Amino acid sequence: MDSNQAKQHNLVGSESASERTLYPYVTGSSVVAIKYKDGILMAADMGGSYGSTLRYKSVERLKPTGKHSILGASGEISDFQEILRSLDELILYDNMWDDGNSLGPKEVHSYLTRMMYNRRNKFNPLWNSLILGGVKNGQKYLGMVSMIGVNFEDNHVATGFGNHLARPILRDEWHENLSFEDGVKLLEKCMRVLLYRDRSAVNKLQIAKITEEGVTISQPYALKTFWGFAAFENPTVGAEGSW
Amino acid sequence: MAQAAVEVPPKGGFSFDLCRRNEMLSNKGVPPPSLRKTGTTIVGLIFQDGVILGAGTRATEGPIVCDKNCEKIHYMAPNIYCCGAGTAADTEAVTDMVSSQLQLHRYHTGRESRVVTALSLLKSHHFNYQGYVQAALVLGGVDANGPHLHTIYPHGSTDTLPFATMGSGSLAAMAVFESKYHEGLRKEEGINLVCEAICSGIFNDEGSGSNVDVCVITKGHKEYLRNHQSPNPRTYVTSKGFSFPKKTEVLLTRVTSLQEKVEVVEGGDAMEE
């Protein structure tokens, strides 16, 4: 990869090899999430791209954190694993107090924001866009943190390409108190558009649901696609030989 | 002698003589003037009787909206219309040029123009200029072979599609099309879907805004619906506008004319020659 040449170029300038993240290697594509009647629904496909190759097709990009939240990430997979490890430590430390309190989604989101912003200030970012969703004491929470520490909370969020393709659909069609089936249909609609129009998407996705009762992450499945348009089957009708 | 012996006529295409001057200027810190771009969302789809084209109406010059209600659906032939995104001058000029070429061709052949003719003329012009003509077009029309919809990219490549979007708002509009388009749409359904896609671009993309223009082309008939939807009207705080609150009461009105200070003398000095 041309990153090797870039690293050598760095060696010429500085004292040692660069120990900061300069570019991502194995990346996950978009994650889309919405609030619905009982909690949060989050969807992500299972692809890990190595540059422009779709190298890994069973990467789980949705992980439960603690009792009350799910974390979905797009971007560098190794940084995602590092974040999971840090969150594990955080949750464990909290559990060890054994005081009946547990970290809710708002707290985890705040921790992630601080972590991402701090790393960005040291010019060594964790190359991820994270979505944190959860339910605690009946309160639904859905937030996003980007790799430079931009964070916000909303009724529907998406990362990467999802911002351009999925959010317009969600802005139009999301409403309060979506039922589970309607929420899943809406997410699948967004994921289908992403599958058609994002080159790094794979047709193998998981949908995660989090409610007061707990987290369920579905088995991987594929979406149905339609390619039978007349113009696709015969684009040169009336002008044989053209393109 | 230093001069050339024969005057060589210019070869056509672009002349790059001023590039050195531009480089020198930008090295001295003079920024180049910004282009008037159409930014925009343009869409087209094929429905059961023909083609529907749609476009936003915002034209931008950098961060400023320079035209709130410009027309991006250009006439090519009575049965062919073309939406243009990119540099406004390029889209206007290239569609104008091909439109007149099509008219001449109609006089020559005595027949209705075909969409593939317009397509070939546009794509070969674009390819000749190697992408410097920054016009991304959605061309649609109905001819003897049925309805056709094509996209033309600045470098000259084309696509034949059942539904198409171009411009900065193309992703937002494509999201709507990909989730809602199916073959065999009726006219009202088609117009509604086009308006939805343009509105998605207007509200979710900064380069697109203002109103929705729609053009419906069917066999032998076309409807150009300028400002079919205006989802961004000007709203005032009160419907009456601004009114000054009544503060002081008028007790007395008296008009006194000013005294004349200048005395006009009849038959004064004659004007000096």
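Me: Axes are lines fitted to C-alpha atoms, for helices over the stretch in contact, and angles run from 0 to 180 degrees between N-to-C directions. With that settled, what makes α4(A) roughly perpendicular to α4(B)?

Reply: This is a predicted model, in which local features need pLDDT of at least 70, side-chain atom pairs count only at 80 or more, and totals for chains, interfaces and linings use all residues. Residues are numbered from 1 along each chain as its sequence is written, chains are lettered from A and ligands numbered from 1 in the order written, and side-chain values use heavy atoms, without hydrogens and water. Helix α4 of chain A (162-173) and helix α4 of chain B (170-180) cross at roughly 70 degrees, with axes within 8 Å. Under 35 degrees is roughly parallel, over 145 roughly antiparallel, 65 to 115 roughly perpendicular, the rest oblique. That's why α4(A) is called roughly perpendicular to α4(B).

Me: Which residues meet there?

Reply: From α4(A), the list has A:His164, A:Leu165, A:Pro168, A:Ile169 and A:Glu173; from α4(B), it has B:Leu171, B:Ala172, B:Ala175, B:Ser179 and B:Lys180. Contact means heavy atoms within 4.5 Å. By class you get six nonpolar, two polar and two charged residues. (Ala, Val, Leu, Ile, Met, Phe, Trp, Tyr, Cys and Pro are nonpolar, Asp, Glu, Lys and Arg charged, the others, Gly among them, polar.)

Me: And why is α2(A) called oblique to α3(A)?

Reply: Helix α2 (77-96) and helix α3 (105-121), both of chain A, pack at about 130 degrees, with axes 12 Å apart. That angle makes α2(A) oblique to α3(A). Touching residues include A:Leu87 and A:Leu90 of α2(A), and A:Tyr111 and A:Met115 of α3(A). The tally is eight nonpolar, one polar and no charged.

Me: How do you know which strands of chain B sit together in the open sheet?

Reply: Two strands pair if DSSP finds at least two bridges between them. Strand β1 (42-47) has four bridges to β10(B), and the two run antiparallel, with B:Gly44 opposite B:Ala164. The sheet's five strands run β10-β1-β2-β11-β12 in chain B, with antiparallel pairing.

Me: What makes β10 and β12 of chain B edge strands?

Reply: Strands β10 (163-166) and β12 (221-229) of chain B each have a single partner, so one side of each is left without a neighbour in the sheet. On average, neighbouring strands here are turned by 10 degrees against each other, direction ignored. Helix α5 (187-204) of chain B packs on the sheet, touching β1, β2, β11 and β12, and its direction makes about 150 degrees with that of β11(B).
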